[in-house]
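Here's a quick briefing to read with the structure open. Take a look at the fold first, then work through the points below.

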Amino acid sequence: AQSRLIAQWMSLGFIHGVMNTDNMLLCGETVDYGPCAFMDGYDPMKVFSSIDTQGRYAFANQAEIGRWNLSWLAQALLPLMTEAAGGDEKNALKKAESILQNYTTLFLAHYQSFLAEKLGFRDVHAEVNELSLKLLQLMAQENADYTLTFRALTDYLAPADRQPILQTVHKLSAAFTPWIQDWQALLAHHKTDHTQARQLMAEKNPVFIPRNHIVEIAIQQAMQGDYAFFNRMADVLNTPFTYLEEHREFAIAPTPEQEVRQTFCGT
C-alpha cells in the first residue's frame, strides 16, 4: 500500500515534505498535510519544507524514505514475529528482511505503470520505461512545469482545434521535439491509437493542482475573513482533469515573483 501511495504521489509531482514514521499509516493513506506541496518546475531534488534543510524528504527521496520507515515498523514488530517463530529471532529477522526487499520492486512496478499511463501506454515495457526516464531528464534540464508538460502532451494528440492547453496555457519548447518524435514512434510500434492514448492520458494528467501560489492567495484572503477565493479554488480542484478557460488562473504556472519556494508545518 505504501509503495503504491508514494508512486502515486510522485506521478503527480507531490512532495509530502515530512515523512516521519508517525506520518505513515498501515492502510496506505496520506496523513499530516503539513509542508507538503506540488512541484511547478520539475526538479527531482526539490524540497519545500522549511525544516528539511538536508533534503531528506526531497521529491526523489520519498520512495527510499518509505522503505526506511517500514524497516522501523518491522523492528517494532520483531518481538511478535519472533514469538510467532517459536522464539527464533534470526528466522523472524530473515522474514522481515525478505518482505522489505519486495518494497523497492513493488514501488518501481507501480511508478513505471503510472508513468506509462501518463504517456498513453496501458502496458509497461522496457522501451516505455526508457522513454519516461528520458522525458523526466529533459524536464529537469528545461525546468519544465511538471503538471503542464504532461497535460500539454495529452493535448498534443488531439486535433489542432481541440488543444486548449497548448493554445492558451502551456506550450512545449522546441527541446521536446525529438522526444515527441520518439514517443509517437513508440505509440505506433505498440499499435496504440492516438484517440485511446489521449483518453487515458486525460484521465491521468490533471490540469488543475493546488499550486502553492494559489494556496497562498487563498490563505491570505481567508485570514481576512474572505473565503470566496478558497471556495472557488476548492470547486476547481474537485474536477482536476477538466479544463475550462474561465478557470485559467488556477492552471497556469506561477511567475518568478509568484513562486512559493518554502512551505511550513501547520499551513
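A patch, as the word is used here, is made of residues with over 30% relative accessible area and no salt bridge, and nonpolar side chains are joined into one when they lie within 5 Å. By that rule, L26, L73, L77 and L80 make up a nonpolar surface patch, and together they offer about 410 Å² of accessible area. Keep in mind that this is a predicted model.

**Overall build**
- The chain is mainly a story of helices by count: 11 helices go with 2 strands.
- Going along the sequence, the order is α-β-β-α-α-α-α-α-α-α-α-α-α.
- The C-alpha trace spans about 70 × 55 × 30 Å along its principal axes.
- There are 267 residues in the chain, and 44% of them count as buried.
- Take the contacts with a separation of 6 or more: 68% of those in the chain come from residues 24 or more positions apart.

**Surface and charge**
- The chain has an accessible surface of about 14,200 Å², and carbon and sulfur atoms own 53% of that.
- On the charge side, there are 20 positive and 30 negative charges, and their mean positions sit 5 Å apart.
- Back to the patch: one of its members, L80, is placed in helix α2, which runs over residues 62-84.
- L80 counts as exposed because its relative accessibility is 57%, and the cut-off for exposed is over 50%.

**The R211 network**
- Seen as a group, D40, D145 and R211 are tied together in a network of salt bridges.
- One link is R211 to D40, with N and O at 2.6 Å. This pair joins distant parts of the chain, as R211 is in the loop between α8 (194-204) and α9 (212-223), while D40 is in the loop between β2 and α2, 171 residues apart.
- Are R211 and D40 buried or exposed? Both R211 and D40 are buried.
- Another link is D145 to R211, where the closest N and O atoms are 2.9 Å apart. D145 comes from the loop between α4 (126-142) and α5 (146-156), and the pair again links distant parts of the chain, 66 residues apart.
- D145 is buried, and R211 is too.

**Another salt bridge**
- The chain's salt bridge count is 7.
- One further pair is D155 with R198, whose closest N and O atoms are 3.1 Å apart. Here helix α5 supplies D155 and helix α8 supplies R198, with their positions 43 residues apart in sequence.
- D155 is buried, because its relative accessible area is 1% and buried means under 20%.

**A buried acid with no partner**
- D52 sits in the loop between β2 (37-38) and α2.
- What is the nearest side chain of opposite charge to D52? That is R56, 6.8 Å away, and D52 is buried yet has no salt bridge.
- A salt bridge needs a side-chain nitrogen within 4 Å of a carboxyl oxygen, so the cut-off is worth remembering here.
- Setting aside neighbours within four places in sequence, D52 is in contact with V47, Y57 and A58.

**A buried glycine**
- G13 is found in the loop between α1 (2-11) and β1 (14-15).
- With a relative accessible area of 0%, G13 is buried.
- Beyond residues up to four places away in sequence, G13 touches A37, F38, M39, F59 and Y146.
- G13 and Y42 are 29 residues apart in sequence, yet their C-alpha atoms are 7.9 Å apart in space.

Methods: Residues numbered from 1 in each chain as written. Predicted model: local features only at pLDDT ≥ 70, side-chain atom pairs only at ≥ 80, totals over all residues. Heavy atoms only, no water. Helix = DSSP H or I, 4+ residues; strand = E, 2+ residues; numbered from the N terminus. Buried < 20%, exposed > 50% of the residue type's maximum accessible area, 1.4 Å probe, protein only. Contact = heavy atoms within 4.5 Å. Areas by Shrake-Rupley, 256 points an atom, 1.4 Å probe, with all protein chains shown as cover. Lys, Arg positive; Asp, Glu negative; His and termini not counted. Charge placed at Lys NZ, Arg CZ, Asp CG, Glu CD. Patch = residues over 30% accessible without salt bridge, like charges linked within 9 Å, V, L, I, M, F, W, Y side chains within 5 Å.
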